[in-house]
Amino acid sequence: MHKKVLTEVDLYTGEISMPKGFEIDRDKIRNDIIESYVKQNRVNTNPQAYAFDDYVVPFSQPLQWLQDYVRDHWRVEYDRTLVQKNMHGNVMHPKEKSWTRGQVDPVDLRNSPDYTLIYGVDVKEGSSECIIEYDDNRRKNRTWHLPIKDNHFIMFPATNKYSFSPNTSTGLNIILTINYEYI
């Protein structure tokens with residue numbers, strides 16, 4: 001008997017652990033996302049769009065270091081290169097949850113991302129989860145729940161739909177999403 005895996009849903013998680021003295025300034029990333037939120041600098045201004053609650057994240061050195069870390073570790077570990085396609089930040093108020101959404105445009109697969117990365121910029125401990133939907137052959141509509149943590153990432157295929165559970169804390173949760181294609 002021989003086994004051949006035809007498809008798989010890969011899921012990557014981890015902490016961003018930079019060398020001492022080169023830690024990522026998450027305060028800068030958080031403040032940039034909150035500034036976009038306050039100024040209503042949205043990715044999409046259509047209130048009917050899923051991206052209406054997504055906010056522009058401007059370039060910064062800490063953000064570049066985060067992207068370099070993920071890209072370089074991916075290249076070393078899996079011998080592929082990640083290329084950023086787009087990104088956005090979310091500000092989740094207490095009791096607020098997100099829509100279930102995907103990052104792939106079904107009518108433009110060629111220009112859609114391959115992977116979605118969720119990064120906890122400023123998330124209160126135990127206050128929210130990333131819920132990833134997947135199918136397991138006949139067993140459809142399965143979900144995998146992963147806690148969103150400060151300075152940790154969750155990366156999965158962009159074809160999977162996902163959502164954020166309600167923020168159970170009394171403060172804001174700040175989450176960064178980066179979409180990649182791989183080459």
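Colleague: Let's start with D25: is D25 buried, partly exposed or exposed?
Modeller: Bear in mind that this is a predicted model. D25 sits in the loop between β1 and α1. Buried would need under 20% and exposed over 50%, so at a relative accessibility of 38% D25 counts as partly exposed.

Colleague: Thanks! How far apart in space are D25 and G126, C-alpha to C-alpha?
Modeller: In sequence, D25 and G126 are separated by 101 residues. The distance in space between their C-alpha atoms is 22 Å.

Colleague: The loop that holds D25 leads to α1, so to speak. What span should α1 have at 1.5 Å a residue?
Modeller: Happy to check that one with you. Helix α1 has 13 residues, and its end C-alpha atoms are 18 Å apart. That agrees with the span expected at 1.5 Å a residue, which is 18 Å.

Colleague: What arc do the buried residues of α1 cover around the axis?
Modeller: The buried residues in α1 are I29, D32, I33 and S36. They are on the same side of α1, because the arc they cover around the axis is only 95 degrees.

Colleague: And which elements do the buried residues of α1 pack against?
Modeller: Buried here means under 20% relative accessible area, and I29 is one of the α1 residues that qualify. The partners of these buried residues are α2, β2, β3 and β8.

Colleague: On to α2: how far does this helix reach from its first C-alpha to its last?
Modeller: Helix α2 runs over residues 61-78, which makes 18 residues. The expected value at 1.5 Å a residue is 26 Å, and the model comes close to it with 25 Å.

Colleague: Within what arc do the buried residues of α2 fall?
Modeller: In α2 the buried residues are P62, L63, L66, Q67, Y69, V70 and W74. They pack against β1, α1, β2, β3, β6 and β8. Seen down the axis, they line one face of the helix, because they fall within an arc of 150 degrees.

Colleague: Which residue follows α2 with a positive phi?
Modeller: Helix α2 ends at residue 78. The residue that follows has a phi near 55 degrees, and that residue is D79.

Colleague: Which element gives the most to the largest nonpolar core?
Modeller: That core has 24 residues, and L66, Y119, M155 and L176 have the most contacts inside it. The elements giving two or more residues are α1, α2, β2, β3, β6 and β8. With five residues, the element that gives the most is α2.

Colleague: Which residues does L66 touch beyond four places in sequence?
Modeller: L66 is one of the buried residues of α2, and it is among those with the most contacts inside the largest core. Beyond four places in sequence, L66 touches I16, I24, Y119, L176 and I178.

Colleague: How far apart are Y12 and Y115, centre to centre?
Modeller: The structure holds 11 aromatic pairs. Y12 and Y115 form one that is edge-to-face, with 70 degrees between the planes. Y12 lies in strand β1 and Y115 in strand β3, so the pair ties together parts 103 residues apart in sequence. Centre to centre, the two rings are at 6.1 Å.

Colleague: Which residues form one aromatic cluster with Y12 and Y115?
Modeller: Both are buried, Y12 at a relative accessible area of 16% and Y115 at 8%. The other members of their cluster are W74, Y78 and Y182.

Colleague: Over which ring does the charged end of R42 sit?
Modeller: The charged end of R42 lies 3.7 Å from the centre of the ring in question. That ring belongs to F52.

Colleague: Last one: is R101 buried or exposed?
Modeller: R101 lies in the loop between β2 and β3. Its contacts further off in sequence include H88 and N160, of which H88 is buried at 4% and N160 at 8%. Because the relative accessible area of R101 is 10%, under the 20% limit, R101 is buried.

Technical notes. Residues are numbered from 1 along each chain as its sequence is written. This is a predicted model: local features need pLDDT of at least 70, side-chain atom pairs count only at pLDDT 80 or more; totals for chains, interfaces and linings use all residues. Side-chain values use heavy atoms; hydrogens and water are left out. Helices (H or I, at least four residues) and strands (E, at least two) are DSSP runs, numbered from the N terminus. Buried means under 20% relative accessible area, exposed over 50%, partly exposed in between (1.4 Å probe, protein chains only). Contact means heavy atoms within 4.5 Å. Rings of Phe, Tyr and Trp (its six-membered ring) pair if their centres lie within 6.5 Å; planes under 30 degrees apart count as stacked, over 60 as edge-to-face and the rest as tilted. A charge sits over a ring if NZ of Lys or CZ of Arg is within 6 Å of the ring centre and within 35 degrees of the ring normal. The expected span of a helix is 1.5 Å times one less than its number of residues. The arc is that of the directions from the helix axis to the C-beta atoms. A nonpolar core is a set of buried Ala, Val, Leu, Ile, Met, Phe, Trp, Tyr and Cys residues joined through side-chain atoms within 4.5 Å.
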